[in-house]
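Colleague: I would like a close look at a single part of this model, the largest cavity. What lines the largest cavity, and which residues lie nearest its centre?

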Amino acid sequence: MTTRLTVAQALVRFLTAQYTERDGERRRLIGATWGIFGHGNVAGIGQALVEYAGVMPYHQGRNEQSMVHAAVGYARQCGRLSAHAVTTSIGPGATNLVTGAALATVNHLPVLLLPGDVFATRPADPVLQQLEVPYAGDVSVNDTLRPVSRYFDRITRPEQLIPSALAAVRVLTDPVETGAVTLALPQDVQAEAYDWPEEFFAERVWTVRRPGPDPVELARAAAAVRAARRPLLVAGGGVRHSRAQAALAAFAEATGIPVASTQAGKGALRYDHPRDVGGIGHTGTATADELARTADLVIGVGTRFTDFTTASGTLFQHPDVRFLHLNIAPHDAHKLAALPLVADARTGLEELTRALASYKVDGAYTDEYTAGKERWERRVDACFASPDPDARPTQPQVLGALDALVDASDIVINAAGSLPGDLHKLWRARSRDQYHLEYGYSCMGYEIPAALGVKLAAPEREVWALVGDGTYLMMPTEIVTAVQEGVAIKVLLVQNHGYASIGGLSAAVGGERFGTAYRFRTEEGTYTGAPLPVDLAANAASLGMRVLRAGSVRELRAALAEARAADTPTCVYVETETSDTVSGAPEAQAWWDVPVAASATRTPAVTAREQYERHVSTRRRHL
């Protein structure tokens, strides 16, 4: 038995019948489709979404990259059990997907991309927006999505959709392979009719696996832990993806092993859990980084061990340090010449806890990291404190005001700039998913659209997008979508007149903060004049958002409370104190490798190179 539908109609109908299941929880795989319509998708996917509007929700975006960010935020909040699709026109609509696709793939978060493509039958050649490649007639701009997609196919005939759609869903639901999946859809094929077998539209449930560890690897892992005197566990994003937070807490409580966290793993334990020692690496706490320097065994759980986490190979200094990596991806489990424990994070932690029955770290070690944790909390208190409530706040004081207001149900979202460093060191995560930092790709502009996606996944919770002026100027457009659809996100917009993070890095590596401030150009050719008369609060208001301006700590506290109680999209705008004489967050507790000019005449660069050579000499390869 067959049903005659266009390719686009068949694809949308197929997607409405795909489900995931894990631990008895069943979710529809594609919860909604984001779209911006234009040449190449308006008559195909656009018409199909009208045809199936009753079963496939649609969200109107303003920027193609933003739509992917929103979809990624949704998928992360759903634990990767549900995702969104994104459809665009051909040409610039399609190429605007590339950054979002890379972000999704780097972070192992599922999103289905459906860009329009040029005519497969080539009746018009070249068509509007077509990239002509003289040496290859089958190349289009969509090929830019190949290296940033976990699966890519171009549907040039209707019957190709059947195996390709099934392969796409397989990748989207694979806990190891998931990321951006791209089905490029030529505009003529989208609208072509075909007789589809009814079986193609049958409901399918895709089980999200929880593979257990190999017994030999498990025994070796347990032996390594038992032999360690100063073990440290590093929790990464895989703990969250697996929903292994309870298993991690049970492991830490049973063994006494302290738990540090990457940006993606922060919140895996509550900040006040006795075993939680905070963020690790360049943006980490002094407590976690000091433990890392003396650890003889580093147990990574669900982390890729990027250079921020490892401090570019200089953090783990114990002469005999070894690594044990529990990861569902073999590629990550073998990093740093580690003992691999290839398994789902929750299953692996549960099995390892059982294998370590009666093991406990020495009491003196527990006392050591407990005292270090208490010292760091006092430093956080000092950073959050506001001696003069009528003064302009520092950035840590802004975080302190928000910290004092929220409860465990609030979700805080950030991605780039100086805020990630301050948040990783200072934020007190109260629940397993409160802290939402996209640091795998660290993409400016992520926060506002991601907040939309998170709020769509968790409409009952308060969702805060923490945005600096630099990232706001990159991508504020989805404010309009939030207003249009009544999605009551909260935006905390921090104005410090420039790229604060890169400005500080520039100063540290001899770049003298060149090109990092939002200021008028001086006669000498530098950008160190007066701040630009740019009113970002007025801009947000012009896009339809309610805006509350705060000029002091006292006003900030009141504005944040008013915003949290609001049932409409609301922005709190605050200008921070950036003077060098004002206390900010603690400096980096570990070194991060950013190469410095090997030859220079200016003193800042010469000095920076000398410091660089001292640090880089301590780097080691763990073999």
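Modeller: What follows starts with the cavity you asked about and then turns to a few other parts. Keep in mind that this is a predicted model.

The count of cavities of 30 Å³ or more comes to three. The largest cavity holds about 150 Å³ of space. Its lining is made up of 20 residues, and those nearest the centre are K266, Y271, D276, G278 and E377. Three elements give two or more residues each to this lining: strand β14, residues 276-279, and the helices α15, residues 363-384, and α17, residues 419-426. Of these, α15 supplies the largest share, with four residues. Sorted by class, the lining of the largest cavity has eight nonpolar residues, six polar ones and six charged ones.

One of the residues nearest the centre, D276, can be followed further. D276 belongs to strand β14. Is D276 buried or exposed? The relative accessible area of D276 is 10%, and buried means under 20%, so D276 counts as buried. There is also a distance to note for D276: W427 is 151 residues away from D276 in sequence, while the two C-alpha atoms are 13 Å apart in space.

The second largest cavity can be described in the same terms. Its volume is about 40 Å³. The residues that line the second largest cavity are I90, G91, A94, G116, D117, V118, Q129, Q130, L131, S140, V141 and N142. By class, this second lining divides into five nonpolar residues, six polar residues and one charged residue.

Burial can also be looked at for a whole element. Helix α16 runs over residues 395-403, and nine of its nine residues are buried, so the helix is largely enclosed by the rest of the structure. The buried residues of α16 are Q395, P396, Q397, V398, L399, G400, A401, L402 and D403.

The last item is on the surface. F37, V42 and Y58 make a nonpolar surface patch of about 250 Å². Of this patch, V42 sits in the loop between strand β4, residues 30-35, and helix α2, residues 45-51.

To return to your request: the largest cavity is lined by 20 residues, with α15 giving the largest share, and D276, one of the residues nearest the centre, is buried.

How values were computed:
Residues are numbered from 1 along each chain as its sequence is written. This is a predicted model: local features need pLDDT of at least 70, side-chain atom pairs count only at pLDDT 80 or more; totals for chains, interfaces and linings use all residues. Side-chain values use heavy atoms; hydrogens and water are left out. On a 1 Å grid over the protein atoms alone, a cavity is a set of points where a 1.4 Å probe fits but cannot get out, and a pocket is an open set with protein on both sides within 12 Å along at least five of seven lines; lining residues have an atom within 4 Å of a point. Grid points are joined across faces, edges and corners, and a volume is the space filled by probe spheres set on the points. Ala, Val, Leu, Ile, Met, Phe, Trp, Tyr, Cys and Pro count as nonpolar, Asp, Glu, Lys and Arg as charged, and the others, Gly among them, as polar. Patches are made of residues with over 30% relative accessible area and no salt bridge: like charges are joined within 9 Å, nonpolar side chains (Val, Leu, Ile, Met, Phe, Trp, Tyr) within 5 Å. Accessible areas come from the Shrake-Rupley method with a 1.4 Å probe; for residues, only the protein chains shown count as cover. A salt bridge is a side-chain nitrogen of Lys or Arg within 4 Å of a carboxyl oxygen of Asp or Glu. Buried means under 20% relative accessible area, exposed over 50%, partly exposed in between (1.4 Å probe, protein chains only).
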